[in-house]
Amino acid sequence: GPLTLGVTAIAEETRPVDFEPNLSNNTASTVASLTVTVLPADEAPRIVTTPATTAEDLTGAPVGGVPLAATLTPGASATSSWVIVSGIPAGVTFNVGSPAGAGAIRVESSDLASLRLTALPTDSDADVALTLTPFSSGPAGMISGIAQPLLITVDAVADAPTLSVAP
């Protein structure tokens, strides 16, 4: 809340001793109040991630995709919070999020618990290394936190052999 400070200014005029000894020194003062409002400094949001593992082509993945575990803790006075997921390679998709630039999506805090990997590039066993950066907004403005990695390990799956016979 607001803080009120009292300020007293004092000015004193001192005469030399040999200057009219019958005159006294002059002193003047004034008092004023000053109100200072201190806005709270919000702390940066934090994100904690847990690595995930899936199989190539999402073979055996749960219906709806592979759940991704990330927990967002916004600043104490945050009115909204979200995560930017970046480093998304071509062919990788998620069930929630809105575009946030090349290879990135914005996931609102309310959607983070339901974030799922829904597609990988066909026949690729390349791991997916994502970066999750937390953000929050409140009375002090927008604040970003420290980005955290989220590694999705993709295990190779042997493709069924094909046989072609030439006539």
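## Exercises on a predicted model

S136 touches P45, P74, G75, A78, S80, S81, W82, G141, M142 and I143, leaving aside residues up to four places away in sequence; contact here means heavy atoms within 4.5 Å. Before you start: this is a predicted model, where local features need pLDDT of at least 70, side-chain atom pairs count only at pLDDT 80 or more, and totals for chains, interfaces and linings use all residues. Residues are numbered from 1 along each chain as its sequence is written, and side-chain values use heavy atoms, with hydrogens and water left out.

**Exercise 1.** Work out where S136 lies and whether S136 is buried or exposed.

*Solution.* Step one: find the strand. S136 lies in β12, residues 128-138. (Strands are DSSP runs of E, at least two residues, and helices are runs of H or I, at least four, all numbered from the N terminus.) Step two: check the accessibility. S136 counts as buried because its relative accessibility is 0%. (Buried means under 20% relative accessible area, exposed over 50%, partly exposed in between, with a 1.4 Å probe and protein chains only.)

**Exercise 2.** Put the strands of the open sheet in order and pick out its edges.

*Solution.* Start with the order: the 3 strands run β5-β11-β8, with antiparallel pairing. (Two strands pair if DSSP finds at least two bridges between them.) Now look for strands that pair on one side only: those are the edge strands, β5 (66-67) and β8 (93-94). Next, zoom in on β8 and β11 (residues 116-119), which pair over 2 bridges. Finally, take T93: its bridge partner in β11 is A119.

**Exercise 3.** Locate D57 and D123, and say what their phi angles have in common.

*Solution.* Begin with the background: most residues other than glycine have a negative phi. Now try D57, in the loop between β4 (52-55) and β5. Its phi is positive, near 60°. D57 counts as partly exposed because its relative accessibility is 35%. Then go to D123, in the loop between β11 and β12. Here phi is near 55°, again a positive value. At 45% relative accessibility, D123 counts as partly exposed too.

**Exercise 4.** Find which strand gives the largest share of the nonpolar patch made by L3, L5, V7 and L34.

*Solution.* First, the area: these residues make a surface patch of about 330 Å². (Patch residues have over 30% relative accessible area and no salt bridge; like charges are joined within 9 Å, nonpolar side chains (Val, Leu, Ile, Met, Phe, Trp, Tyr) within 5 Å. Accessible areas come from the Shrake-Rupley method with a 1.4 Å probe, and for residues only the protein chains shown count as cover. A salt bridge is a side-chain nitrogen of Lys or Arg within 4 Å of a carboxyl oxygen of Asp or Glu.) Then the share: β1 (residues 2-13) supplies the largest, 3 residues. L3 is found in that strand, and L3 counts as partly exposed because its relative accessibility is 44%.
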